[in-house]
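Student: Could you take me through the sheet of this protein, strand by strand? I would like a close look at how the pieces are put together.

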Amino acid sequence: MPTTDIYGFKHEDIEAARMVIESALSLRMEQAQEDDYPDYYYYRVELPSGPCVQIRRNSGPFIRHQIGSSNPWYPDYALLVFIHGPQQELVTKYLRNATSGLSFLETKGSM
């Protein structure tokens with residue numbers, strides 16, 4: 001079964017989180033918007049090897065849609081990082097070794 005690794009940043013600065021992830025993975029993330037919520041944006045990148053990395057706020061429409069509540073998944077973490085897709089273990093290896101301030105939260109069945 002495909003899985004998603006979920007990490008969290010305690011701070012709310014999505015731009016700083018983007019720079020940390022980009023530096024750890026030596027890549028550039030793109031800003032994306034939810035179709036139904038044009039004021040809600042997040043960052044994402046799909047790597048050529050297959051995995052997708054997303055940084056999202058732990059509030060707003062995405063969280064309400066995913067868990068059916070406006071309460072955050074992990075109240076101590078303002079930003080969540082999702083890694084899913086083929087060869088995601090390559091990404092998680094770099095994040096675990098090179099990223100300060102990022103905490104591993106869980107692995108769960110893909111969304």
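Tutor: Happily! Along the sequence, the chain of this predicted model runs in the pattern β-α-β-β-β-α-β-α-β, which comes to three helices and six strands. The sheet is an open one of six strands with antiparallel pairing, in the order β2-β3-β4-β5-β1-β6. At its edges stand β2 and β6 (102-109), each with a single partner strand, so one side of each is left without a neighbour in the sheet. On average, neighbouring strands are turned by 30 degrees against each other, direction ignored.

Let's start from the β2 edge. Residues 30-34 form β2, which pairs with β3 (residues 37-46) in the antiparallel sense over five bridges; the hairpin between β2 and β3 takes two residues. Within this pair, Glu-30 sits opposite Arg-44 of β3. Arg-44 also stands opposite Gln-54 in β4, so to follow the next step, look across to that strand. There, β3 and β4 (residues 52-57) are joined by four bridges, again antiparallel.

Now add the helix that covers this region. Helix α1 (residues 14-25) packs on the sheet and touches β1 (3-9), β3, β4, β5 (79-84) and β6. The direction of α1 makes about 160 degrees with that of β4.

Stepping back to the chain as a whole, 43% of its 111 residues are buried. Among contacts with a separation of 6 or more, 64% link residues 24 or more positions apart.

Note on methods
Residues numbered from 1 in each chain as written. Predicted model: local features only at pLDDT ≥ 70, side-chain atom pairs only at ≥ 80, totals over all residues. Heavy atoms only, no water. Pairing = 2+ DSSP bridges. Buried < 20%, exposed > 50% of the residue type's maximum accessible area, 1.4 Å probe, protein only. Contact = heavy atoms within 4.5 Å. Axes fitted to C-alpha atoms, helices over the stretch in contact; angles between N-to-C directions.
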